[in-house]
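Please open the model in a viewer and keep the selection panel at hand. The tour below proceeds from one selection to the next.

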Amino acid sequence: MTAAVLGPLGVDVERGPAVLAAIDSGPSLAAHRRWHGEPGRPQLTPLLADLERVGLRGRGGAGFPFGRKLEAAAEASGRPSVVVNLSEGEPASAKDAALARTAPHLVLDGAVTAARVLGSREVHLVVPGADLQVRASIETAVRERRDERIRFDMHRADEAFVAGQAAAVIELMAGRPNRPVTTWQPAAVRGHRGRPTLLSNGETFAQLALLVLHGVDAYLAHGTPGEPGTALLTVHDDLGCRVVEAEFGTKWEAVLASDDVDRPVLLGGYHGTWADAGELRDLTVSRTGLADVGLTLGAGVVLVPDGCPLTFAASVTSYLADESAGRCGPCFNGLPALAEALHRVTTGIGGRGETERLCRMVERRGACAHPDGTARMVRSALTRFPAEVDRHARGGCSYRAGGGG
Amino acid sequence: MPAAAAATAPGAVADMANHQLRVDWPACQARGLCFELLPEVIELDDWGYPVVGSEITPELLAAARAAVRGCPRMALRLRPK
């Protein structure tokens with residue numbers, strides 16, 4: 001498979017079946033049009049029907065049905081705004097950065113289509129402030145579209161885990177600190193400037209563009225009947241980091257490097273869930289199939305840690321505690337306590353009951369889902385690796401030489 | 001019963017339904033007045049922040065409204081369930 005290397009990040013992007021099909025011909029608008037053609041001008045009702053048929057869900061992690069979001073924005077009062085959230089707060093995710101670098105016009109086609117369907121002429125592009133290459137790539141792509149009657153506004157997101165969260169992005173656009181706030185209504189109903197706001201990440205808009213450019217049948221040609229289409233995955237393993245596009249229904253064995261299905265894997269990123277060694281052998285890239293066994297695909301981050309998954313979970317928890325915006329008491333106080341308790345579990349000085357209690361204490365008690373996601377990952381580590389927890393309680397570790405305990 | 005309630009006074013229907021107490025977490029600074037005013041539903045966590053136990057039943061609605069009004073940070077909202 002051809003691989004394009006993404007500059008200093010060192011992320012390999014592999015050519016894929018649909019979203020990443022045209023990356024070898026470069027990111028220019030001309031190359032994009034040669035491969036994908038011109039998007040039509042769909043009307044809202046048929047587009048909603050198409051979205052329903054292909055079952056497109058948001059690719060930022062929550063997996064909300066995109067058609068319902070679009071419909072809510074169309075029905076709410078006020079002229080809607082469209083926001084492409086390319087900020088990827090999760091540092092382990094590189095798929096939107098990869099899209100911005102290799103297929104920016106697919107993302108922009110999706111955003112422009114959504115804006116036109118909603119009767120809006122402005123598209124907001126939220127880029128990671130620290131990633132100069134993503135910014136430059138999007139700026140170039142926007143310049144190539146000068147003739148379109150759409151205004152593109154760029155916003156630079158902070159380099160912080162919670163900065164990519166929807167309400168935090170709308171705060172940024174309002175000129176306030178790029179951190180989560182309490183919202184009483186979804187952004188699709190009341191978002192930017194109090195108006196309905198269609199906010200989704202880059203991959204979601206790219207998937208919308210594929211549907212509009214190539215039609216329902218072409219979209220249904222990939223994936224499974226229950227889950228058509230493809231998903232972008234950011235895979236971290238011994239080979240490094242790469243962004244791959246996998247059809248739904250692909251066996252994990254085909255996605256991961258040779259024996260990695262026999263190792264513990266963190267699916268869905270730092271807010272994700274742990275698959276035990278070998279568990280992925282019988283599973284496929286599928287939101288529903290993974291959900292049936294208590295796993296999440298999230299935003300498509302797949303981490304194969306080198307070493308003990310419990311120790312890795314503890315260090316991720318410490319990181320997530322540091323990434324609390326510090327605004328909500330239960331998160332600001334609870335996550336460091338949770339990280340401390342899990343650290344005690346890994347070093348064999350108790351902490352298991354305390355860890356479980358703190359998970360319950362932080363959940364649903366913040367302006368954003370940062371505490372919930374952290375608790376999900378921690379709880380999943382405890383339930384997936386009970387034998388490893390016991391071994392650590394006796395001072396051992398099966399991933400350390402002589403530490404079989 | 002709902003028909004009879006509707007006949008009594010405007011707003012009476014809403015008062016018969018359960019409500020949900022929601023916390024604006026960034027606004028909350030753990031002053032603890034909600035716990036003083038509504039101990040039936042609110043407990044405090046390890047750090048003094050409210051843990052909202054259950055839905056607000058019609059009998060507790062008046063006390064819940066007092067807690068919402070009493071919060072010095074205006075961090076509580078009562079919403080129909």
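The stops that follow cover the interface, the salt bridges, the aromatic pairs and one glutamine.

**Before starting**

This is a predicted model, in which local features need pLDDT of at least 70 and side-chain atom pairs count only at pLDDT 80 or more, while totals for chains, interfaces and linings use all residues. Residues are numbered from 1 along each chain as its sequence is written, chains are lettered from A and ligands numbered from 1 in the order in which they are written, and side-chain values use heavy atoms, with hydrogens and water left out.

**Stop 1: the interface of chain A and chain B**

Colour the two chains separately and select the residues in contact, that is, with heavy atoms within 4.5 Å. Chain A contributes 18 residues to this contact and chain B 13 residues. About 1400 Å² is buried between chain A and chain B, and carbon and sulfur atoms give 60% of that area. Buried area here is the accessible area (1.4 Å probe) that two parts lose on being put together, summed over both.

Next, display the polar atoms. There are 6 residue pairs in polar contact between chain A and chain B, both residues being at pLDDT 80 or more. A polar contact is a pair of N or O atoms within 3.5 Å; within protein, one must be able to donate a hydrogen and the other to accept it, and residues adjacent in sequence count only if both atoms are side-chain atoms.

On the side of chain A that touches chain B, the elements giving two or more residues are α12 (329–346) and α13 (352–362) of chain A. Of the elements on that side, α12(A) gives the most, with 5 residues. By class, this side of chain A has 8 nonpolar, 6 polar and 4 charged residues. In this classification Ala, Val, Leu, Ile, Met, Phe, Trp, Tyr, Cys and Pro are nonpolar, Asp, Glu, Lys and Arg are charged, and the others, Gly among them, are polar. Helices (H or I, at least four residues) and strands (E, at least two) are DSSP runs, numbered from the N terminus.

Across the interface of chain A and chain B, 2 salt bridges are found. A salt bridge is a side-chain nitrogen of Lys or Arg within 4 Å of a carboxyl oxygen of Asp or Glu. Select B:D45 and A:R365, which form a salt bridge with their closest N and O atoms 3.0 Å apart.

**Stop 2: salt bridges within chain A**

The whole structure holds 25 salt bridges over all chains. Select A:R33 and A:D109, whose side chains meet in a salt bridge at 2.9 Å, N to O. A:R33 lies in helix α1 (residues 29–36) of chain A and A:D109 in helix α5 (residues 104–117) of chain A, so this pair ties together parts that are 76 residues apart in sequence. Both A:R33 and A:D109 are buried; buried means under 20% relative accessible area, exposed over 50%, and partly exposed in between (1.4 Å probe, protein chains only). Extend the selection to the network of salt bridges that links A:R33, A:E38, A:D109, A:R145 and A:E148.

Move next to A:E354 and A:R357, a salt bridge with the closest N and O atoms 3.2 Å apart. Both residues lie in helix α13 of chain A, 3 residues apart, about one turn of the helix. A:E354 is partly exposed at 30%, and A:R357 is partly exposed at 27%.

**Stop 3: aromatic pairs**

Over all chains, the structure holds 6 aromatic pairs. Rings of Phe, Tyr and Trp (its six-membered ring) pair if their centres lie within 6.5 Å; planes under 30 degrees apart count as stacked, over 60 as edge-to-face and the rest as tilted.

Select A:Y270 and A:Y319, an edge-to-face pair with 5.6 Å centre to centre and 75 degrees between the planes. A:Y270 lies in the loop between β9 (265–267) and β10 (273–275) of chain A, and A:Y319 in helix α11 (residues 309–322) of chain A, 49 residues apart. A:Y270 is buried at 15% relative accessibility, whereas A:Y319 is partly exposed at 26%. Add A:F161 to see the cluster that ring pairs form from A:F161, A:Y270 and A:Y319.

**Stop 4: A:Q207**

Finally, select A:Q207 in helix α8 (residues 202–220) of chain A. A:Q207 is buried, at 0% relative accessibility. Its side chain reaches the backbone oxygen of A:T230 at 3.1 Å. Apart from neighbours within four places in sequence, A:Q207 is in contact with A:V19, A:L56, A:R59, A:Y219 and A:T230.
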